Amino acid sequence: MKRTILTVGFAAIVALAGTIAFDAMRGPEQGAAIAAKGYKTCKSKLSTGKTKTWRCGQDQACCVNKSLNLYVCGYPGLGCL
């Protein structure tokens, strides 16, 4: 049982380290291009006059609930629930 737990923990650590190393090799300009590719910018005006900005996926709706002060992304195909 201990061996199984240690093996799963080791696999998780190796996967995390590999992901971090891969991101470091890509560089910031490639990371920004990949991040901007599948996202859209959502904006909503706050009651204070400022604009709240957040990013959602292309297939997600921009959801605003001003009474609860929530600005989130909806579910693909379902919109804002």
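Buried here means under 20% relative accessible area, a cut-off worth having in hand for the views below, which come from a predicted model.

**View 1. S44, tucked into strand β1.**
S44 belongs to strand β1. Its relative accessible area is 10%, so S44 falls under the cut-off and counts as buried. Who keeps this serine company? Setting aside residues up to four places away in sequence, S44 touches K50, T51, K52, W54, V64, K66 and Y71.

**View 2. K45, next door in the chain.**
K45 is also a strand residue, sitting in β1, which runs over residues 39-45. Buried or exposed? With a relative accessible area of 57%, K45 is exposed, since the exposed class takes in anything over 50%. Once neighbours within four places in sequence are left out, the contacts of K45 are K50, T51 and K66. Those three names also turn up among the residues that S44 touches. For K45 and K66, which are 21 residues apart along the chain, the C-alpha atoms are separated by 9.9 Å.

**View 3. A charge over a ring: R55 and Y39.**
Zoom in on Y39 and you'll find the charged end of R55 sitting over its ring. How far is that charged end from the ring centre? The distance is 4.8 Å. On the aromatic side of things, the structure holds 1 aromatic pair.

**View 4. A nonpolar patch on the surface.**
Three residues, L68, L70 and V72, make up this nonpolar surface patch. Together they offer about 270 Å² of accessible area. V72 is part of strand β4, which spans residues 70-73. Its relative accessibility is 40%, so V72 counts as partly exposed: the value lies between the 20% and 50% limits.

**View 5. Stepping back to the whole chain.**
To place the close-ups, here's the full picture: the protein has 2 helices and 4 strands, and along the sequence they come in the order α-α-β-β-β-β. Of the 81 residues, 12% are buried, and S44 from the opening view is one of the buried residues. The accessible surface of the protein comes to about 6700 Å², with carbon and sulfur atoms accounting for 64% of that area. What share of the contacts between residues at least 6 apart in sequence joins residues at least 24 apart? That share is 3%.

Definitions and conventions: Residues are numbered from 1 along each chain as its sequence is written. This is a predicted model: local features need pLDDT of at least 70, side-chain atom pairs count only at pLDDT 80 or more; totals for chains, interfaces and linings use all residues. Side-chain values use heavy atoms; hydrogens and water are left out. Buried means under 20% relative accessible area, exposed over 50%, partly exposed in between (1.4 Å probe, protein chains only). Contact means heavy atoms within 4.5 Å. Accessible areas come from the Shrake-Rupley method with a 1.4 Å probe; for residues, only the protein chains shown count as cover. Patches are made of residues with over 30% relative accessible area and no salt bridge: like charges are joined within 9 Å, nonpolar side chains (Val, Leu, Ile, Met, Phe, Trp, Tyr) within 5 Å. A salt bridge is a side-chain nitrogen of Lys or Arg within 4 Å of a carboxyl oxygen of Asp or Glu. Rings of Phe, Tyr and Trp (its six-membered ring) pair if their centres lie within 6.5 Å; planes under 30 degrees apart count as stacked, over 60 as edge-to-face and the rest as tilted. A charge sits over a ring if NZ of Lys or CZ of Arg is within 6 Å of the ring centre and within 35 degrees of the ring normal.
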